[in-house]
Protein chains: 4
Amino acid sequence: MDGFQRRKALKKTKILKAALDLFKAHGVQKVSVAEIANKANVSQVTIYNYFESKDKLMEETIIYYVDQAWLEAEELLSSDVSFPEKIKLLIFNKKEAASNIHEDFYLYFMKEYSNGSSYIEEFYEKKAIPKMVELFNEGRKKGFVDPEISNEAIMFYIYMIKEYMQREDVYDKILPYTEDITKLLFYGIAGDRKK
Amino acid sequence: MDGFQRRKALKKTKILKAALDLFKAHGVQKVSVAEIANKANVSQVTIYNYFESKDKLMEETIIYYVDQAWLEAEELLSSDVSFPEKIKLLIFNKKEAASNIHEDFYLYFMKEYSNGSSYIEEFYEKKAIPKMVELFNEGRKKGFVDPEISNEAIMFYIYMIKEYMQREDVYDKILPYTEDITKLLFYGIAGDRKK
Amino acid sequence: MDGFQRRKALKKTKILKAALDLFKAHGVQKVSVAEIANKANVSQVTIYNYFESKDKLMEETIIYYVDQAWLEAEELLSSDVSFPEKIKLLIFNKKEAASNIHEDFYLYFMKEYSNGSSYIEEFYEKKAIPKMVELFNEGRKKGFVDPEISNEAIMFYIYMIKEYMQREDVYDKILPYTEDITKLLFYGIAGDRKK
Amino acid sequence: MDGFQRRKALKKTKILKAALDLFKAHGVQKVSVAEIANKANVSQVTIYNYFESKDKLMEETIIYYVDQAWLEAEELLSSDVSFPEKIKLLIFNKKEAASNIHEDFYLYFMKEYSNGSSYIEEFYEKKAIPKMVELFNEGRKKGFVDPEISNEAIMFYIYMIKEYMQREDVYDKILPYTEDITKLLFYGIAGDRKK
DNA sequence: TATGAATGAGCATTCATTCAT
DNA sequence: TATGAATGAATGCTCATTCAT
């Protein structure tokens with residue numbers, strides 16, 4: 001990558017960062033291209049030169065965000081803590097890049113995901129899901145996970161909780177019940193019947 | 001209620017219905033007052049006469065929606081099926097008014113709820129929560145519910161799943177895992193360890 | 001005037017009063033027909049039944065106002081005070097119906113006057129001007145008024161000052177200079193050179 | 001000022017000119033931003049880019065107008081004519097930028113003035129008033145001005161007449177009485193009693 | 001006669017996008 | 001490449017006026 005391209009990439013990142021910050025804070029719909037340009041200290045047209053349209057910018061912002069978030073998640077998954085702890089951190093760890101996402105942005109993110117936008121789709125298929133499956137298998141080996149439950153269902157479950165926790169209005173309300181939620185995740189509403 | 005008022009109420013309902021349909025389908029922000037007026041076959045101004053502003057219209061639309069949804073939920077809760085079946089239906093019953101809500105509308109709904117808008121808040125406090133608590137207590141009596149888990153946590157859990165299922169992009173994907181999800185809800189990822 | 005007509009007249013007056021109050025307070029342009037209807041406790045349509053249009057309502061409101069103001073002015077002019085005192089009161093007497101008129105209303109009033117709307121025109125010609133001329137002649141007889149100055153010019157002068165004083169933004173600022181203004185009116189910027 | 005800025009300033013002036021013309025002719029409230037845009041041959045949005053809002057545009061238009069009017073007034077005041085002639089010209093000189101202002105615009109102008117909008121306020125304090133005081137002092141030295149009358153009162157008087165003359169409906173009617181008005185200004189309704 | 005309901009036309013303002021340099 | 005300037009289209013909202021009872 002020569003100087004030109006490096007500078008170009010830098011500027012792109014600057015724009016993506018600005019966009020991500022604003023999208024996270026106020027949602028996609030409420031943020032105008034002008035605001036992003038302003039925050040990134042570039043002209044609106046520069047944004048169009050790099051990203052074609054607000055829609056495309058949003059797509060790339062999501063990709064940028066996914067990449068960042070994945071770095072954090074991967075670190076956690078590869079770390080040396082017990083299975084239950086991993087699960088708990090995965091769900092409640094507020095440090096993650098995702099923290100305090102404006103719901104509106106999350107929606108766009110999820111839509112992107114389910115729309116089959118190749119990058120996100122591939123990211124899940126090639127990176128996120130395998131790593132999670134690996135985690136569950138580890139959990140099964142250690143007796144934490146019911147062998148009869150499909151990985152898909154568990155994943156759905158975990159993403160669901162995680163996502164729910166991201167919501168501004170939910171997190172604080174639910175924090176006091178962290179223990180209960182964890183218990184529910186592991187043993188369901190019927191409780192640990194072995195005890 | 002005389003003829004005048006009846007007609008007024010009818011028109012109001014017509015507008016609310018149109019608004020609800022459109023909000024559900026495309027979200028609040030993407031639907032213009034003009035579109036609602038069009039769909040309801042009234043003039044924009046009539047909407048303003050009845051509802052003051054788009055914001056207020058949205059509030060009333062949410063109330064209208066909650067009322068409708070509650071009718072269905074209450075029927076289910078009062079019906080003569082077993083506890084597990086009730087829970088399952090509560091979560092997966094697609095017949096409910098809520099079906100296929102555009103996420104954006106849901107966001108507004110939840111914001112309304114957490115903002116302490118009196119009607120919704122009161123609705124939960126006075127109607128929804130008591131009925132749910134009653135359900136859980138019944139479940140506990142019959143041994144389906146861990147006595148150590150708080151009602152709040154369970155409710156959070158159920159609403160979370162329910163809400164998640166409402167999402168256009170999720171429902172179809174998750175349907176095949178209905179059984180697994182139900183199991184997870186009841187026994188968690190550890191599975192029914194009593195078996 | 002039978003009961004019907006009396007009630008009709010009463011309602012008309014009620015509307016005119018409401019309109020006048022609002023016009024005075026906020027100007028003609030900022031007051032909507034709905035507000036007038038509201039303040040007068042009648043329906044908008046009733047206003048249209050009586051006055052045809054907002055424009056016509058305004059015309060009649062002005063007439064109503066002129067009639068009221070004239071009553072006060074006439075009383076003053078017919079009273080038993082000296083010529084200079086009369087002039088002074090005429091100009092500075094804040095009690096008059098006109099007090100604290102929103103400028104915007106005054107504009108409409110003056111436009112009406114200069115447009116040759118028959119009533120106002122006639123009012124001036126038949127009532128106001130003759131009375132003023134009478135006053136000036138009395139003033140001339142007593143040596144207060146230069147015989148060489150035309151009545152028209154004096155009238156213009158007095159109306160001008162009076163009108164200027166009506167303006168919200170002017171009255172308070174100018175009050176401290178009341179004496180100076182009066183002197184200027186009587187002796188001009190050159191001052192009383194006889195002294 | 002480079003080419004960019006020059007063109008920008010030019011366009012701004014073009015808009016201000018259009019706005020001033022329209023405001024003068026029909027008043028502020030009756031003129032829509034669209035009309036101004038049309039007359040200035042720019043898009044509405046351009047106006048918003050330059051002036052933020054209709055209100056701000058109006059403020060700047062007033063400033064623009066004051067500046068223009070002052071240029072003419074200053075020239076007159078610095079010219080080599082007698083004191084009485086200066087006063088007369090000041091009042092009756094129709095050439096001035098102010099000519100035939102719609103009253104509504106004048107209201108906004110005066111409101112601006114009395115609201116303490118810094119520019120106009122400062123303009124009066126630093127420029128207009130000192131120059132006028134200078135004029136009066138000159139008049140006093142030459143025996144045209146009563147030493148006992150305050151500058152404030154005289155200024156009030158002159159502005160009042162000037163303003164009154166600006167009004168569309170007044171000027172033509174009053175023109176025949178120019179001489180009388182001037183006499184009244186100098187000697188009051190009592191007349192020049194020295195004669 | 002009186003009125004609640006309804007409306008077409010208009011307004012200030014915002015925004016994603018393109019033009020011209 | 002980068003940008004200041006410009007814009008068409010749309011939006012929420014208001015108002016004087018008319019309809020229908």
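**Close-up 1. C:Thr46 and two other side chains at DNA strand E.** In this predicted model, a polar side-chain atom of C:Thr46 sits 2.6 Å from a phosphate oxygen of DNA strand E. A:Lys54 also reaches a phosphate oxygen of the strand, with a polar side-chain atom 2.8 Å away. For D:Gln44 the partner is a base oxygen, 3.5 Å from a polar side-chain atom. Two or more residues of the surface near DNA strand E come from each of these elements: helix H3 (44-51) of chains A, B, C and D, and helix H1 (3-26) of chain B. Helices here are DSSP runs (H or I, at least four residues), numbered from the N terminus.

**Close-up 2. The protein surroundings of DNA strand E.** Look around the strand and you will find 30 residues, the closest being B:Lys11, B:Ser43, B:Val45, C:Val45 and D:Gln44. Sugar and phosphate make up 55% of the strand E atoms that come within 4 Å of the protein. A residue is near the strand if one of its heavy atoms lies within 4 Å of it. By class, this surface has 13 nonpolar, 12 polar and five charged residues. Nonpolar means Ala, Val, Leu, Ile, Met, Phe, Trp, Tyr, Cys and Pro, charged means Asp, Glu, Lys and Arg, and the others, Gly among them, are polar.

**Close-up 3. Where chain D meets chain C.** Here 49 residues of chain D are in contact (heavy atoms within 4.5 Å) with 49 residues of chain C. The two chains bury about 4,700 Å² between them, 61% of it on carbon and sulfur atoms. Buried area is the accessible area (1.4 Å probe) that two parts lose on being put together, summed over both. D:Phe156, D:Ile189 and D:Arg193 supply 17% of the area that chain D buries against chain C, more than any other three residues.

**Close-up 4. Polar and charged pairs between chains D and C.** C:Glu148 forms a salt bridge with D:Lys183, their closest N and O atoms being 3.4 Å apart. The interface holds two salt bridges, each a side-chain nitrogen of Lys or Arg within 4 Å of a carboxyl oxygen of Asp or Glu. On the chain D side, H8(D) gives the largest share, 11 residues. That side has 26 nonpolar, seven polar and 16 charged residues.

**Notes for all views.** Residues are numbered from 1 along each chain as its sequence is written, while chains are lettered from A and ligands numbered from 1 in the order in which they are written. Local features need pLDDT of at least 70, side-chain atom pairs count only at pLDDT 80 or more, and totals for chains, interfaces and linings use all residues, with side-chain values using heavy atoms and leaving out hydrogens and water.

Notes. A polar contact is a pair of N or O atoms within 3.5 Å; within protein, one must be able to donate a hydrogen and the other to accept it, and residues adjacent in sequence count only if both atoms are side-chain atoms.
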